[in-house]
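Me: I would like to go through this model one label at a time. For each label, please set the value against the cut-off and then conclude.

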Amino acid sequence: MSSVYHINKGVSKPIVFKGLKAQYIAYLAIGLVLLLLVFVLGYILGMPLYLLLGLVLGLGALLFYGVFRLSFRFGEHGLMKFFARRGLPGVIVFRSRHLFTALKSGTRGLGLVFLALMVFVYGGF
């Protein structure tokens with residue numbers, strides 16, 4: 001008796017839907033839910049329907065344009081890398097050699113505590 005094995009092709013590929021990749025599908029879905037809530041809130045508050053439809057359709061068009069632009073510009077992981085790169089400091093300033101001299105003299109625990117304290121207090125060097 002022979003067995004039939006199914007091969008899962010594309011297991012490690014990102015999810016793609018109509019050109020949107022990975023997390024951008026969720027961004028679009030969340031944006032559409034928020035637009036629905038804006039429409040409901042405006043309708044309850046008694047805004048004129050044509051004004052409300054124009055506002056929601058305009059914001060929806062901007063949402064689609066923005067999300068598709070982000071998806072094509074950055075891809076699957078590019079947006080996370082972009083924000084991570086912006087979070088890096090431009091320069092690292094050392095005001096004291098104490099950290100490195102303490103490491104060399106054998107008091108490693110003190111140097112590491114000093115390093116942790118500097119990062120916590122000053123947000124860096």
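**Reading the labels**

Me: What is the phi of the residue just after α2?
Reply: G75, the residue just after α2, has a positive phi of about 80°. A positive phi also follows α1, at G46, where the value is near 90°. The model is a predicted one, and these angles are computed from it.

Me: How many helices and strands are there, and in what order do they come?
Reply: The chain has 5 helices and 2 strands. Along the sequence the pattern reads β-β-α-α-α-α-α.

Me: How do you know whether the length of α1 fits a helix?
Reply: With 22 residues at 1.5 Å a residue, α1 should span 32 Å. Its end C-alpha atoms are 31 Å apart, and therefore the span agrees. For α2, with 26 residues, 38 Å is expected and the distance from first to last C-alpha is 37 Å, which is close.

Me: Why is Y24 called buried, and what is Y27 called?
Reply: Buried requires a relative accessible area under 20%. Y24 has 0%, so Y24 is buried. Y27 has 38%, which lies between the 20% and 50% limits, so Y27 is partly exposed.

Me: Where do Y24 and Y27 lie, and how far apart are they in sequence?
Reply: Both are in helix α1, 3 residues apart, or about one turn of the helix. An α-helix has 3.6 residues a turn, so residues three or four places apart point the same way.

Me: What makes F74 and F82 a tilted pair?
Reply: A pair needs ring centres within 6.5 Å, and tilted covers plane angles that are neither under 30 degrees nor over 60. The rings of F74 and F82 have centres 5.2 Å apart and planes at 40°, so the pair is tilted. F74 has 17% relative accessibility and is therefore buried, whereas F82 has 28% and is therefore partly exposed. F82 also has R73 over its ring face, at 5.9 Å from the ring centre.

Me: How many aromatic pairs are there, and what is the one between Y24 and Y27 called?
Reply: The structure holds 6 aromatic pairs. In the pair of Y24 and Y27, the centres are 5.7 Å apart and the planes are at 85°; this angle is over 60, so the pair is edge-to-face. Ring pairs also link F64, F68 and F72 into a cluster.

Me: How do you know that the buried residues of α1 share one side?
Reply: The buried residues of α1 are Y24, L28, G31, L35 and G42. They cover an arc of only 60° around the axis, and therefore lie on the same side of α1. The face turned away from that side carries the exposed residues I30, L36, L37, L41 and I44. The cover over the buried residues of α1 includes β2, α2 and α3.

Me: Which residues of α2 are buried, and what do they pack against?
Reply: They are L52, V56, G60, L63, V67, S71 and F74. The elements they pack against are β2, α1 and α3.

Me: Why is S71 counted as buried, and what does it touch?
Reply: S71 has a relative accessible area of 0%, which is under 20%, so S71 is buried. Beyond its neighbours within four places in sequence, S71 is in contact with G19, L20, K21 and Y24.

Me: Which residues make up the largest nonpolar core?
Reply: There are 9: L20, Y24, L28, L35, V56, L63, V67, F74 and L79. The elements giving two or more residues to this core are α1 and α2. The largest share, 4 residues, comes from α2. In soluble globular proteins, nonpolar side chains tend to be buried together.

Me: Is K18 buried or exposed, and where does it lie?
Reply: K18 lies in the loop between β1 and β2. Its relative accessible area is 68%, which is over 50%, so K18 is exposed. K18 and F68 are 50 residues apart along the chain, with 9.8 Å between their C-alpha atoms.

Me: What share of the chain is buried?
Reply: Buried residues make up 17% of the 125 residues.

Terms used:
Residues are numbered from 1 along each chain as its sequence is written. This is a predicted model: local features need pLDDT of at least 70, side-chain atom pairs count only at pLDDT 80 or more; totals for chains, interfaces and linings use all residues. Side-chain values use heavy atoms; hydrogens and water are left out. A nonpolar core is a set of buried Ala, Val, Leu, Ile, Met, Phe, Trp, Tyr and Cys residues joined through side-chain atoms within 4.5 Å. Buried means under 20% relative accessible area, exposed over 50%, partly exposed in between (1.4 Å probe, protein chains only). A charge sits over a ring if NZ of Lys or CZ of Arg is within 6 Å of the ring centre and within 35 degrees of the ring normal. The expected span of a helix is 1.5 Å times one less than its number of residues. Contact means heavy atoms within 4.5 Å. The arc is that of the directions from the helix axis to the C-beta atoms.
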